[in-house]
Amino acid sequence: MSNKLQVLTPQNSQIIFIDQQPQMAFGVQSIDRQVLKNNVVGLAKAAKIFNIPTTITTVETDSFSGNTFPELLAVVPENDILERTSMNSWDDQNVRDALAKHAADGRKKIVVAGLWTEVCNTTFALSCMHDTDYEIYMVADASGGTSVDAHKYAMDRMVQAGVVPVTWQQVLLEWQRDWARKETYDAVTSLVKEHSGAYGMGIDYAVTHVHGGSERVSHGKRIGPNPAAI
C-alpha cells in the first residue's frame, strides 16, 4: 500500500517554508500576494497548533530577497532561519539535516510552501524525492509562481513525479480530522475565523445567530434604525 494513502497526521508530518521573502513575493503573479501571505501565515499557525516541526529557509536575504515575512516569523519566533545561496534548498546541508532529524521520528511527509513554485519548490521537491523516501505535499495556495502558467505547469510537473498537491486549509483540517478532538478544537476554529475567509465568517454567524453565542469582539452600541424625514 502506498504511504500516500495515509492521511496527514500531527505525528507523520513536518513542514518547510521556502523563501517566503518580499523580493520573491514581488514577482508572484499566480495568486494575489495578500492572499498568499494570509495563507502562509494561516498554515504556519496550523503547524503551531499541532506541534508540527517547522523549518524556515531563505535565499540571499541581505543581497537580494529581503527578510522573511515578519508575520510568519512571529508565529515561530524560536525558529532558526537556514540561509542558502542555492535556489534549490536540497543543495543545502543544513536543510537536509533539519528534515532528516524529524524524518527519523517518522515524519516523512514533508509539507512545502514556497516561492517560486516553478523554481525553488520544484527543484527541492524533485531532488528530495530522488534522494530519499520522503513524500512531498505541495501547498498550492501558500506558494506562488511568476505567472499563472508558471505555477500551473510547475504543479503539473511535480504531480507527475509523485508530489501530492494540497491547499493550506486542507492540511489544517486533515491534521484536525475529528471535531471531537477538543484539545485543538478552539485553536483551529479561531484560526479559521481569522484566516479562512467565508468559512470563518460562517462560523461567526453560526455562533451568534444559530447557537446564540456572544460576538467575539466588543464594540460600541448598535444605534438605530432612525429613518430620516422625507
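**Questions on the strands, helices and cysteines**

Me: An open sheet of 6 strands has the order β3-β2-β1-β4-β5-β6, with parallel pairing. What makes two of its strands a pair?

Reply: Two strands pair if DSSP finds at least two bridges between them. β1 (residues 13–18) and β2 are joined by 4 bridges in the parallel sense, so they meet that criterion. The model is a predicted one, in which local features need pLDDT of at least 70 and side-chain atom pairs count only at pLDDT 80 or more, while totals for chains, interfaces and linings use all residues. Residues are numbered from 1 along each chain as its sequence is written, and side-chain values use heavy atoms, with hydrogens and water left out.

Me: How many bridges support the other pairs, beginning with β2 and β3?

Reply: β2 and β3 (residues 81–84) have 4 bridges in the parallel sense. 6 bridges join β1 to β4, again parallel. β4 and β5 are paired over 4, and β5 (residues 135–139) and β6 over 3. Strands here are DSSP runs of E of at least two residues and helices are runs of H or I of at least four, numbered from the N terminus.

Me: Which residues stand opposite each other in these pairs, for instance opposite Ile-18 in β4?

Reply: Ile-18 faces Gly-114 there. Ile-16 has Thr-55 of β2 as its bridge partner, and Ile-56 has Ile-81 of β3. Tyr-137 of β5 stands opposite Val-111, and the bridge partner of Tyr-137 in β6 is Val-164.

Me: What makes β3 and β6 the edge strands?

Reply: β3 and β6 (164–166) each pair on one side only. Neighbouring strands of the sheet are turned by 25 degrees against each other on average, direction ignored.

Me: How do you know that β4 is mostly covered?

Reply: Of its 6 residues, 6 are buried, where buried means under 20% relative accessible area, exposed over 50%, and partly exposed in between (1.4 Å probe, protein chains only). On one side these are Lys-109, Val-111 and Ala-113, and on the other Ile-110, Val-112 and Gly-114. β2 (residues 54–59) is also mostly covered, with 6 of its 6 residues buried. Thr-54, Ile-56 and Thr-58 point one way from β2, and Thr-55, Thr-57 and Val-59 the other way.

Me: Which helices pack on the sheet or lie across its strands?

Reply: Helix α5 (residues 93–103) packs on the sheet and touches β1, β2, β3 and β4 (109–114), with a direction at about 165 degrees to that of β1. Helix α6 (residues 117–131) lies across β1, β4 and β5 and runs at about 165 degrees to β5.

Me: Why are α2 and α9 called roughly antiparallel?

Reply: Helix α2 (residues 33–49) and helix α9 (residues 182–195) pack at an angle of about 175 degrees, and their axes are 10 Å apart. Angles under 35 degrees count as roughly parallel, over 145 as roughly antiparallel, 65 to 115 as roughly perpendicular and the rest as oblique. The pair is therefore roughly antiparallel. The residues in contact (heavy atoms within 4.5 Å) are Asn-38, Val-41, Gly-42, Lys-45, Ala-46 and Ile-49 of α2, and Thr-184, Ala-187, Val-188, Leu-191, Glu-194 and His-195 of α9.

Me: Why is Ser-143 called buried, and Gln-29 partly exposed?

Reply: Ser-143 has 1% relative accessibility and therefore counts as buried. Gln-29, at 49%, is partly exposed. Ser-143 is in the loop between β5 and α7 (148–161); leaving aside neighbours within four places in sequence, its contacts include Ile-31, Leu-36, Val-112, Met-138 and His-151. Gln-29 is in the loop between α1 (22–26) and α2 and, with the neighbours within four places in sequence left aside, is in contact with Gly-145, Thr-146, Ser-147 and Val-148.

Me: How many disulfides does a search of the whole structure find?

Reply: The search finds 0. Cys-120 is in no disulfide, and the nearest cysteine sulfur, that of Cys-128, is 15 Å away. A disulfide requires a pair of cysteine sulfur atoms within 2.5 Å, so this pair does not count as one. Cys-120 is buried at 3% relative accessibility, and Cys-128 is buried at 0%.

Note on methods:
Axes are lines fitted to C-alpha atoms, for helices over the stretch in contact, and angles run from 0 to 180 degrees between N-to-C directions.
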